Every structure is written in C-alpha cells, then in structure tokens.
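Work through the exercises below with the structure open. Try each task before reading its solution.

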Number of protein chains: 2
Amino acid sequence: MIELNGKEYECPSKIPMDLVDDKWKFLILWNLATKPLRVSELTQKMPDISQRTLSRKLKALEEVSLVHRVVFPEVPPKVEYSLTIHGERLLEVFEIMSKWGEKYAKEMGAKIY
Amino acid sequence: MIELNGKEYECPSKIPMDLVDDKWKFLILWNLATKPLRVSELTQKMPDISQRTLSRKLKALEEVSLVHRVVFPEVPPKVEYSLTIHGERLLEVFEIMSKWGEKYAKEMGAKIY
C-alpha cells in the first residue's frame, strides 16, 4: 500500500493515470514537452480550454510536482511553466502506453481516423 | 480518434487502463503471467474474489483478446486461461507504469507499507 498526497494506492501502476486523470492535464504535459511555455502560449496551443480550467489544471499538476511554475522578476512579471523531471519521465511512460494502444487497436481492426 | 470495441478513444494511451479498469482484471493478468491456469488455480491465488466475479472478469478479458480460454477435450473437460500476446505486452506496459509510480512515490516521500 502506498500513501501519497493524502490518497492510498494498492499498486503503484495506478499512480500515473490518477495524477493525469483528464485530457487537459495530458495535453498540458504534452505541450510542455518541447519547451517551457507562458500561460498565453499554452492558451494558443489549446484554444478550447477556458482560462479558469487551464489555471486549475496547471495548479493541480504543480501540486503533484509534474510541472514547475517559475516567476521571472520582471515588470510585468513573466510566469513560465515547464515539466519537472517527474513530468518528463511520465510523458515517456505515456508514450509507451500510447504505442501499446495503437498497436493493439490496429491489430484488433479498430477504425482509426 | 480510435473506434474500438464499440468505444471511442481520443488518444491510444487511454486504451490500456480502459481495458483493465479494476484490480481484479489486473490481478488475473498478473497471475497468468508465469503460466496458464485453470479457474480453480486462479481461485486459489485470489481467495477474495467470488466465483461470479471471477467468471465475469475472465469473460471481459477474453472479449478484448487479453486472455485466451482453451478447452481441452477431456472428461471432465479441462478449461485453462492464458495470456494472449496482447496480454503479455500489456503486462510489460503495466510494469513500466508501476516502476514510474514507485519511483515517483519514493521521491515524493510517500509512506509505503
């Protein structure tokens, strides 16, 4: 049993999908994969997300140390988000899950479009 | 978009956890990792599961081609379950997810017991 962030997990394999439990969090991590981004840049890359939801998701990802928030001492202050080492490694895990899913779907004759 | 088994997936990385969406399915796959087992052997390894639930979970895993059901022409008939190639590869993916979760939990100072 693992007690983490106030939750209990029977198996550590459950942790990745529990931390990234919706498509927005996944897309945020994905968009931060290549370089740190400001909120305005994230909004450009994810035009369908509301400002409120984006802030909430970023905060949740920051709280579980998948994302860093860096404030640059400028006027007006510049705030940038980037992946932590945990976030980087987690994206690699998602890549492996994704590859399995793709291969499986193809071999099962799924419709992919 | 992927259309598979009557469901739609936005991203193939969602497929693994959707196919194995509870601890019983996970434990069944895990127990079949080393060798094919009969229902009675699975029951011995998972004493907490009811016969009804075990049958349902095995059927669900069989339907998505993660598990094979082989009936041997004997009297009384012998029925054995084993992992398909998809099931084998999926367990490897879970192993990777599990390792990430364990490492993350340790580095985040989780209580592990």
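**Exercise 1. Place L58(B): in which helix is L58(B) found, and what does L58(B) touch?**

Solution. This is a predicted model, so every step reads a computed position.
- Step 1. Find the element. L58(B) sits in helix 4 of chain B, residues 51–63.
- Step 2. Check its exposure. The relative accessible area of L58(B) is 2%. Buried means under 20%, so L58(B) is buried.
- Step 3. List its contacts, leaving out residues up to four places away in sequence. L58(B) touches I28(B), V39(B), L42(B) and Y81(B).
- Step 4. Take one of these contacts, I28(B). L58(B) and I28(B) are 30 residues apart along the chain, yet 7.8 Å separates their C-alpha atoms.

**Exercise 2. Work out the strand order of the open sheet in chain B.**

Solution.
- Step 1. Pair strand 4 with strand 5 (residues 78–83). In chain B these two run antiparallel over 6 bridges. One facing pair is H68(B) and S82(B), the latter in strand 5.
- Step 2. Look at the link. Strands 4 and 5 of chain B form a hairpin, with 5 residues between them.
- Step 3. Pair strand 3 with strand 5. In chain B they are antiparallel too, over 2 bridges. Here L37(B) stands opposite Y81(B) of strand 5.
- Step 4. Put the pairs together. The sheet has 3 strands in the order 3-5-4, with antiparallel pairing.
- Step 5. Name the edges. They are strand 3 (37–38) and strand 4 (67–72) of chain B, each pairing on one side only.
- Step 6. Add the helix. Helix 2 (residues 23–32) of chain B packs on this sheet and touches strand 3, strand 4 and strand 5. The direction of helix 2 makes about 95° with that of strand 5 of chain B.

**Exercise 3. Are the residues on the faces of strand 5 of chain B buried or exposed?**

Solution.
- Step 1. Take one side. K78(B), E80(B) and S82(B) are all buried.
- Step 2. Take the other. V79(B), Y81(B) and L83(B) are all buried as well.
- Step 3. Conclude. Because 6 of the 6 residues of strand 5 of chain B are buried, the strand is largely enclosed by the rest of the structure.

**Exercise 4. Find the matching sheet in chain A and name its edge strands.**

Solution.
- Step 1. Read the order. Chain A has an open sheet of 3 strands, ordered 3-5-4, with antiparallel pairing.
- Step 2. Name the edges. Strand 3 (37–38) and strand 4 of chain A each pair on one side only.
- Step 3. Follow strand 4 (residues 67–72) to strand 5 (residues 78–83) of chain A. They run antiparallel, joined by 6 bridges.
- Step 4. Pick facing residues in strand 5 of chain A. F72(A) has K78(A) as its bridge partner, and V71(A) stands opposite V79(A).
- Step 5. Close the turn. The two strands form a hairpin with 5 residues between them.

**Exercise 5. Which residues have the most contacts inside the largest nonpolar core?**

Solution.
- Step 1. Recall the tendency. In soluble globular proteins, nonpolar side chains tend to be buried together.
- Step 2. Find the core. The largest one has 70 residues. Those with the most contacts inside it are L29(A), L66(A), L29(B) and L66(B).
- Step 3. Inspect L66(A), leaving aside neighbours within four places in sequence. Its contacts include L29(A), L83(A) and L90(A). Also among them are W100(B) and Y104(B), from chain B.

**Exercise 6. Describe how chain B and chain A meet.**

Solution.
- Step 1. Count residues. The contact takes 41 from chain B and 41 from chain A.
- Step 2. Give the area. About 3800 Å² is buried between the chains, and carbon and sulfur atoms give 66% of it.
- Step 3. Name the main contributors in chain B. W100(B), Y104(B) and Y113(B) lose the most area to chain A, together 18% of what that side buries.
- Step 4. Superpose the copies. A rotation of 180° with 0.0 Å of shift along its axis brings chain B onto chain A, with RMSD 0.0 Å. That is the relation of a two-fold axis.
- Step 5. Compare the surfaces. 100% of the interface residues of chain B are also interface residues in chain A, so the copies meet through the same surface.

Key: Residues numbered from 1 in each chain as written. Chains lettered and ligands numbered in written order. Predicted model: local features only at pLDDT ≥ 70, side-chain atom pairs only at ≥ 80, totals over all residues. Heavy atoms only, no water. Pairing = 2+ DSSP bridges. Helix = DSSP H or I, 4+ residues; strand = E, 2+ residues; numbered from the N terminus. Contact = heavy atoms within 4.5 Å. Axes fitted to C-alpha atoms, helices over the stretch in contact; angles between N-to-C directions. Least-squares fit on C-alpha atoms with pLDDT ≥ 70 in both. Buried < 20%, exposed > 50% of the residue type's maximum accessible area, 1.4 Å probe, protein only. Core = buried A, V, L, I, M, F, W, Y, C linked by side-chain atoms within 4.5 Å. Buried area = accessible area lost by both parts, 1.4 Å probe.
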